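Reader: I should be grateful for a close look at a single part of this model, namely its nonpolar interior. Please treat the aromatic contacts and the neighbouring helix faces along with it.

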Amino acid sequence: MKRYLPDRFTQMLLATVLLATLLPARGQFEDWMRVASNVAIALLFFLHGARLSRAAALAGFRQPRLHLLTLACTFVLFPVLGLTLKALFPDMLTPQLWLGILFVCTLPSTVQSSIAFTSIARGNVPAAICGATASNLLGIVITPLLVALLLHRQHAGGGWHDVLSILLQLLLPFVLGNVLRPWIGKWVEAHRSILTVVDRGSILLAVYAAFSAAVAQGVWHLFPPSQLALLILVNAFLLGAVLLVTTYGSRALGFSRPDEIVLVFCGSKKSLASGIPMASVLFSGGTVGAVLLPIMIFHQMQLMLCAVLARRYAERADREDAALPVADAAR
């Protein structure tokens, strides 16, 4: 049963949403929380920049076709599917939830879980490290550009002004951290627990600030249970469609199974860790809470489904490994 329950971090997110619902930040405390959230997010991207090895980032050029296809699934296939669903069923979800779905479609891939699932499934781990890292790094620029192109017509934000804002708040600290890596990189690597605390703490702060503003505007009165059920259905369709495309598309293109696994897990995932900070920059206070609901649901769904897929890949590899001695003995 444990594999079907939310992971610990998702439980912390749900507890934060409950706290914001019962005790939302108001007045001067709300302003302080917003500032603290922005500082924590900038620190998070600074530390990620300090951790990124330039050699590891450049190693991705060794398999350009695999990584280009992974990026195409993340930043092209997802937005196309999201826009198509919205065009076909515009009244299925409220405008705020469709905004959140389209935002999910613009996000980069995860890093940690993509690599972990690739490793469990006996995939090409070095390629997964390069692909997921490249997606996350490029997402700092590509995601706000896609938001400006796809969502600005719906007056979701400030358009190109938001792009500049996110570059200043996220990319600038990231670049600064990477520039300082020769001096602080070893210390950061030796204290990974600090990055974990900053990572989760910044996301929880951003969620609390976002849902506090949303609760003040009556967010929970806008989404009846039927809307949340339809939101889960739309997320399930997006995730399932991309998993099918990456699985059978990689086989049709002649990829080896280890590379297929990379495309499946890196091309179908969306980063909650990047999505929440970006949403807090790109969207106004009352809108952020509604925008975050789809990515929080998608996050848990992708972990549950990819855990099952990774285990099946591993079991298949074990069966084939066990069959090899039998085949050799029969010759």
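Author: A nonpolar core is here a set of buried Ala, Val, Leu, Ile, Met, Phe, Trp, Tyr and Cys residues joined through side-chain atoms within 4.5 Å. The model is a predicted one. Its largest nonpolar core has 74 residues, and those with the most contacts inside it are Leu13, Phe103, Leu238, Phe265, Phe283 and Leu292. Helix α15 gives the most to this core, with 13 residues. In soluble globular proteins, nonpolar side chains tend to be buried together.

Leu238 illustrates the packing. Leaving aside residues up to four places away in sequence, Leu238 touches Phe78, Leu81, Gly82, Leu85, Ile101, Cys105 and Phe298. Apart from the largest core lies another, of nine residues, among them Leu66, Cys73, Phe255 and Cys266. The ring of Phe255 also has Arg65 over its face, at 4.3 Å from the ring centre.

Leu13 leads to helix α1, where Phe9, Thr10, Leu13, Thr16, Val17 and Ala20 are buried. These residues cover an arc of only 115° around the axis, which puts them on the same side of α1. The face turned away from that buried side carries the exposed residues Arg8, Leu18 and Leu22. As for the geometry of α1, its 15 residues (8-22) should span 21 Å at 1.5 Å a residue, and this agrees with its end C-alpha atoms, which are 21 Å apart.

The aromatic contacts come next. The structure holds five aromatic pairs. One of them, Phe29 with Trp32, is stacked, at 6.2 Å centre to centre and 10° between the planes. Phe29 and Trp32 are separated by about one helical turn, because they are three residues apart in helix α2 (residues 27-51). Phe29 counts as partly exposed because its relative accessibility is 43%, whereas Trp32, at 53%, counts as exposed. Phe103 and Phe283, by contrast, form an edge-to-face pair, 5.3 Å centre to centre with 90° between the planes. Phe103 lies in helix α5 (residues 95-106) and Phe283 in the loop between α14 (272-282) and α15 (285-330), so this pair ties together parts that are 180 residues apart in sequence. Both Phe103 and Phe283 are buried.

Phe265, another of the residues with the most contacts inside the largest core, belongs to a cluster in which ring pairs link Phe117, Phe265 and Tyr313. A further contact with a ring is that of Arg251, which lies over the face of Tyr248 at 5.4 Å from the ring centre.

Note on methods
Residues are numbered from 1 along each chain as its sequence is written. This is a predicted model: local features need pLDDT of at least 70, side-chain atom pairs count only at pLDDT 80 or more; totals for chains, interfaces and linings use all residues. Side-chain values use heavy atoms; hydrogens and water are left out. Helices (H or I, at least four residues) and strands (E, at least two) are DSSP runs, numbered from the N terminus. The expected span of a helix is 1.5 Å times one less than its number of residues. Buried means under 20% relative accessible area, exposed over 50%, partly exposed in between (1.4 Å probe, protein chains only). The arc is that of the directions from the helix axis to the C-beta atoms. Rings of Phe, Tyr and Trp (its six-membered ring) pair if their centres lie within 6.5 Å; planes under 30 degrees apart count as stacked, over 60 as edge-to-face and the rest as tilted. A charge sits over a ring if NZ of Lys or CZ of Arg is within 6 Å of the ring centre and within 35 degrees of the ring normal. Contact means heavy atoms within 4.5 Å.
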